[in-house]
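Student: Could you go through this model with me and show how each label is earned?

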Amino acid sequence: MGIKQVRALTTTLPSVTWIPLARAHAERADEMTAGHRSRRSTGEKHAIEDFLYDYYGTRPAQLRRWHPGVGAGLAPAPAGLAEQATWKFYMTYPDGVVTLDQDAFLHARGESVRYIHGLLTATASRPVFSGCFGLHEWAMVYRDPDHRHPLPLRLGLAETDRVVEQHPIRCTHFDAFRFFTPEAVGLNRLQPTRATQVDLDQPGCLHAAMDVHKWAQKLGPAVPGALALDCFALATDIRLLDMQASPYDLTSYGHEPVKIETPEGKAEYVARQREFARRAAALRARLIRVCEELMGPENAARNRETVAPFNQR
């Protein structure tokens, strides 16, 4: 437990404030992960929700940990110091106030903070593109009888392939594109790579919006608890649309499809996509502020300059 003499806090929360916040956070997290935890105990798989845990590496125990966020301190409780005092990347002032050790955090994760700040800033600078219609999921099964999920295709393989062939594929997100079947790769108008992610990610993309959860996890204790759970909630909601608009038949889970092969389905997809983009924009802005508070105004300004050539593309 590090002891520092110089205080750099924007606010100090009394125990009567932060203890209820931490308790409510844990309860909310437990409610959000209850289904997954129950299935995990029996080994049951879930084609929709497992993605949030397997792909993003989400751990319920970590999700339920409440952090006050960068710049906030926790005053001692009657029973003693806040439990965060024993957690990684925390320090304690002589008067018992516990807070994030920004120096230690930046020493360990400074490169990640700069990358996340740059990527989110570039993404936020672009207009929403809503003409992809979720066809990335269709491109992942194109001309391939072996599928990622043990679910039937609601249109069958031949008709699914026909939908792909009759629509322009315009996926901008590398982490969706990299799962395209070999036959679908050449159909995409772009060829995203990890190196071009800062150049291509745009705020209308469902996967870029879901990724606010990934970046919140990467920023860890610097992110206020409520923001972390808001990011996870958004990713959960988006994942459902991602699968409803996919070629898979979700009736076994009680979900109706969003039939993007029809004009009505496209309209529904775009409306929900734009609402998710709106929610993601607000969360993305809050994560950018977390990064900038960690980095400081001068370093944040310099980092913005490094991604300026990518903005508005």
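Tutor: Sure, we'll take the labels one at a time.

Tutor: This is a predicted model, where local features need pLDDT of at least 70, side-chain atom pairs count only at pLDDT 80 or more, and totals for chains, interfaces and linings use all residues. Residues are numbered from 1 along each chain as its sequence is written, and side-chain values use heavy atoms, leaving out hydrogens and water.

Student: Why is the chain called as compact as a globular protein of that length?

Tutor: The globule rule is 2.2 Å times the number of residues to the power 0.38, with the radius of gyration taken over C-alpha atoms. For 313 residues the rule gives 20 Å and the chain has 21 Å, which is close, so the label fits.

Student: How many of the residues in the chain are buried?

Tutor: Buried means under 20% relative accessible area (1.4 Å probe, protein chains only). Of the 313 residues, 51% are buried.

Student: What makes a set of residues a nonpolar core?

Tutor: The members must be buried Ala, Val, Leu, Ile, Met, Phe, Trp, Tyr or Cys, joined through side-chain atoms within 4.5 Å. The largest such core has 64 residues, with Phe180, Leu219 and Leu294 among those with the most contacts inside it. The top contributor is α12, with eleven residues. Apart from that core lies another, of ten residues, including Leu13 and Trp66.

Student: How do you know what Leu294 is in contact with?

Tutor: Contact means heavy atoms within 4.5 Å. Leaving aside neighbours within four places in sequence, the partners of Leu294 include Val70, Phe105, Val113 and Leu219.

Key: Buried means under 20% relative accessible area, exposed over 50%, partly exposed in between (1.4 Å probe, protein chains only). Helices (H or I, at least four residues) and strands (E, at least two) are DSSP runs, numbered from the N terminus.
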